[in-house]
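Dear colleague,

Here is the structure I promised to pass on to you, and my notes on what was found in it follow just below.

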Amino acid sequence: MDISSWTSTLKTIGLATLSYLGYKLIRQASIYLLPSKLPRYNVSGKNWALVTGATDGIGFGFCQELCSRGFNVILHGRNREKLVQREKELNTAFPAQKTGIVVLDVVGVHDGVDDVAQQVRGIIGTQGQGKLSVLVNNVGGETRPSVTLGTLKYADVNATIDKNARFMAQITRVLLPLLSEGNGQGRSGLVLNVSSISQYGMPYICVYSATKGFVDSFTMALEAECSAEGCGVDVMGLRIGEVKTAGYNVDSTLFVPVARTLAKAGLDRVGCGKVIVWAYFWHWLQGLSFEIMPRWILMHVTIGRMMAIKKREEEKAFKGQ
Ligand SMILES: NC(=O)c1ccc[n+]([C@@H]2O[C@H](COP(=O)([O-])OP(=O)(O)OC[C@H]3O[C@@H](n4cnc5c(N)ncnc54)[C@H](OP(=O)(O)O)[C@@H]3O)[C@@H](O)[C@H]2O)c1
């Protein structure tokens, strides 16, 4: 083969590769244009969603969005007063929707979590008809951000695992039978697990980062199991980047949405055909860098960001003294 035919073959391969990558990118991006299939979990208009960690941030955003889409909502949290306050806010904004609360601290979760099924049946039973059809496993967050593993105490590690992983697995186990009730008459339930960009393995938040890896793996395993068992429950993971919330109080930008915007984006992705999906388009764009760029560059950038967060936390703590 002469040099000109080599060049022409390489050009063809290059063009074919570029076309394939372009096609893949366009296919992924088109997910953000598909209509949400959330309504299929509330055909009767009387069904309920339970949101964990619902008193603030993305959790409360989910409650607002679910109410605005016709769901009745059960708010879970650890602080009864704050839960009642948030419930009142929802009742004022969405008078047609019913609400209830479940109070349970997720740190130190024990077998009392089994009682939540009865509590949920009680709330739905006393308020009328409908069934639990959506569970949003949102509660989570780092307990002590931007510190090294060695700086953490025994209790810190356990608290982060309880908050982000252990409770999610337990509450899903407990509520799965309620979610799958009515199976056979269409799709009966949906589990949405909130994951994070940090599942890629981020320094200075090692334990939190690893729990989000657990969330993704749990999501994929449960989705396959529910589908194999035909239990009528769909399972999805929502991966998210930075969001301005009570727990992560940064300036909001295009790439850092406010909590309700993120919650809306998450619900819009329901039924998109992917088990784990970036909830928000601009986070997906950011996430592409994790697929394309060398890890050492990404970690360099991440460490800079972590140090900035650490400095901000230290300044906040100093001012609070
Ligand atoms: N914000 C981000 O940039 C970001 C990025 C990636 C992933 N995420 C994920 O998104 C989810 C929500 O994060 P967020 O930023 O919205 O959090 P947030 O603003 O800190 O709100 C957390 C919610 O969880 C509740 N909660 C905290 N500890 C609890 C406990 N021990 N028992 C029961 N409830 C408890 C809080 O209740 P109180 O009101 O009583 O504190 C609050 O309702 C988490 O899974 C987080 O990992 C967030």
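In this predicted model, seven strands form an open sheet with parallel pairing, in the order β3-β2-β1-β4-β5-β6-β7. The edges are taken by β3 (99-103) and β7 (276-278), and because each has a single partner strand, one side of each is left without a neighbour in the sheet. From one strand to the next, the twist averages 20°.

At the β3 edge, the pairing with β2 (residues 72-77) is parallel and runs over five bridges, and within it Ile74 has Gly100 of β3 as its bridge partner. Two helices that pack on the sheet deserve a mention: α2 touches β1 (48-51), β2, β4 (132-137), β5 (189-194) and β6 (233-239), with its direction at about 170° to that of β1, while α4 (residues 116-127) touches β1, β2, β3 and β4, with its direction at about 160° to that of β3.

As for the ligand, 32 residues surround it, and the closest are Thr55, Lys82, Asn138, Tyr208 and Thr245. The shell divides into 12 nonpolar, 13 polar and seven charged residues. A polar side-chain atom of Asp105 lies 2.7 Å from a ligand nitrogen atom, whereas ligand oxygen atoms lie 2.7 Å from a backbone N or O atom of Asn138 and 2.6 Å from a polar side-chain atom of Tyr208. The ligand taken alone exposes 900 Å², of which the protein buries 91%. The elements giving two or more residues to this shell are α2 (57-68), α5 (154-179) and α6 (206-229), and α2 is thus listed here as well as among the helices that pack on the sheet.

With best regards

How values were computed: Residues are numbered from 1 along each chain as its sequence is written. This is a predicted model: local features need pLDDT of at least 70, side-chain atom pairs count only at pLDDT 80 or more; totals for chains, interfaces and linings use all residues. Side-chain values use heavy atoms; hydrogens and water are left out. A residue is near a molecule or strand if one of its heavy atoms lies within 4 Å of it. A polar contact is a pair of N or O atoms within 3.5 Å; within protein, one must be able to donate a hydrogen and the other to accept it, and residues adjacent in sequence count only if both atoms are side-chain atoms. Accessible areas come from the Shrake-Rupley method with a 1.4 Å probe; for residues, only the protein chains shown count as cover. Helices (H or I, at least four residues) and strands (E, at least two) are DSSP runs, numbered from the N terminus. Ala, Val, Leu, Ile, Met, Phe, Trp, Tyr, Cys and Pro count as nonpolar, Asp, Glu, Lys and Arg as charged, and the others, Gly among them, as polar. Two strands pair if DSSP finds at least two bridges between them. Axes are lines fitted to C-alpha atoms, for helices over the stretch in contact, and angles run from 0 to 180 degrees between N-to-C directions. Contact means heavy atoms within 4.5 Å.
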